[in-house]
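User: Please pick out one part of this model and go through it closely. I would like a single connected account, with the cut-offs given for each term.

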Amino acid sequence: MYKDLDRPPLDEKFLRGRLVRPGALWTQIDVLAETPSTNAVVAAAAATGQSEGLVVAAEYQSSGRGRLGRTWTTPPRSALLMSALLRPTGVKASQWPWLGLLVPLAVAAAVRQVGEIPAQVKWPNDVLVEDRKLAGILLERIDGPAVVVGIGLNVTLREAEKPHPAATSLALENAVTTDRATVMAAVLRELASRYQTWVDSDGDPATILPEYRELSATLGQAVRVELPDGTFLEGTARDLANDSRLIVDTREGPRPLAAGDVTHLRRV
């Protein structure tokens with residue numbers, strides 16, 4: 001099943017040596033050959049009382065999920081597929097939605113650093129290169145309380161393997177590196193740094209907003225948004241509200257959106 005020499009396995013020992021140490025956020029890193037869903041594995045561990053800092057990666061997911069119930073399936077070892085357990089219990093629950101913006105920022109920053117490609121964030125939680133989707137983020141809040149952070153990042157996905165014409169990968173974007181362990185370590189470092197800053201500030205959005213505005217592919221764009229009830233609206237994505245909602249200026253006035261599927265139309 002895993003005979004492609006261009007797609008070596010993740011080095012669990014290397015990852016633990018780089019990331020698991022006294023005082024660090026990450027306390028355990030496991031790499032599975034195959035699983036239906038890394039989010040499900042981490043959620044099950046959280047239900048048994050697992051502490052914050054668990055990371056589970058998989059070489060292949062048979063039932064990976066994206067936002068809005070969509071599937072996320074990639075060839076074995078072609079993507080970085082992982083989930084992490086966070087317990088920001090010192091932060092008010094009303095601030096937790098900001099994690100949905102913090103995580104893609106960390107992924108984009110890591111890709112920019114080690115891949116040297118101009119990754120951006122698309123509201124609410126995708127990572128793009130221009131208008132091509134590089135990564136998707138799925139956050140699930142569970143009892144505990146806890147948050148399971150799921151990350152799917154295309155690394156060596158080839159043109160013929162793309163599940164959608166708008167998909168891309170580090171390889172297709174000619175990134176400096178397509179070594180998944182290097183990319184995974186960078187993502188987890190960037191995530192840990194931003195998460196700790198956010199927690200230490202009691203969830204202050206000011207720790208996220210400046211960088212988000214700088215790296216956003218959505219703000220300033222004319223957008224078409226499919227809302228959870230199946231209706232659509234169009235307008236200009238102006239800014240983020242203090243509760244992380246996207247403010248879209250429509251003909252009827254500003255609309256703050258907590259959820260929706262955004263299509264970029266053109267830059268205003």
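Analyst:
**From a buried loop residue to the sheet**

Thr35 counts as buried because its relative accessibility is 7%; buried means under 20% relative accessible area, exposed over 50% and partly exposed in between, with a 1.4 Å probe and protein chains only. The model is predicted, so local features need pLDDT of at least 70 and side-chain atom pairs count only at pLDDT 80 or more, while totals for chains, interfaces and linings use all residues. Residues are numbered from 1 along each chain as its sequence is written, and side-chain values use heavy atoms, with hydrogens and water left out.

Thr35 sits in the loop between β1 and α2 (38-47). Helices (H or I, at least four residues) and strands (E, at least two) are DSSP runs, numbered from the N terminus. Setting aside neighbours within four places in sequence, the contacts of Thr35 are Val41, Ala58, Tyr60, Gln61 and Ser62, where contact means heavy atoms within 4.5 Å.

On one side of this loop is β1, which belongs to an open sheet of seven strands. The strand order is β1-β2-β3-β7-β6-β5-β4, and the pairing is mixed. β1 (28-32) and β4 (119-122) are the edge strands, each paired on one side only. From one strand to the next, the twist averages 20°. Two strands are taken to pair if DSSP finds at least two bridges between them.

At the β1 edge, β1 pairs with strand β2 (residues 54-58) in the parallel sense, over five bridges. Asp30 has Val56 in β2 as its bridge partner.

On the other side of the loop is α2, where Thr38, Asn39, Val42, Ala45 and Ala46 are buried. Those residues lie on the same side of α2, because they cover an arc of only 130° around the axis; the arc is that of the directions from the helix axis to the C-beta atoms. The cover over the buried residues of α2 includes β2, β3, β6 and β7.

How many of the nine residues of β7 are buried? Nine of the nine are, so β7 is largely enclosed by the rest of the structure. Ala146, Val148, Gly150, Gly152 and Asn154 point one way from β7, and Val147, Val149, Ile151 and Leu153 point the other way. β7 pairs with β3 in the antiparallel sense over eight bridges, with Ser83 standing opposite Gly150. β7 also pairs with β6 in the antiparallel sense, again over eight bridges, and Glu140 has Val148 in β7 as its bridge partner. The connection between β6 and β7 is a hairpin with three residues between the strands, and Gly144 in that turn has a positive phi of about 155°.

Continuing along the sheet, β5 and β6 pair in the antiparallel sense over four bridges, and Leu128 stands opposite Lys133 in β6. The hairpin of β5 and β6 has two residues between the strands, and Glu130 there takes a positive phi near 55°. In β5, Asp126 and Leu128 point one way while Val127 and Val129 point the other, and all are buried. The β4 edge is reached through a further antiparallel pairing, between β4 and β5, over four bridges. Val121 stands opposite Val127 in β5, and a hairpin of three residues joins β4 to β5.

Helix α3 (residues 99-115) lies across β3 (79-86), β4, β5 (126-129), β6 (132-142) and β7 (146-154), and runs at about 145° to β6. Axes are lines fitted to C-alpha atoms, for helices over the stretch in contact, and angles run from 0 to 180 degrees between N-to-C directions.

One side chain of the sheet also meets an aromatic ring. Arg141 lies over the face of Trp96, at 4.5 Å from the ring centre. A charge sits over a ring if NZ of Lys or CZ of Arg is within 6 Å of the ring centre and within 35 degrees of the ring normal. Arg224 lies over the face of Phe232, at 3.9 Å from the ring centre.
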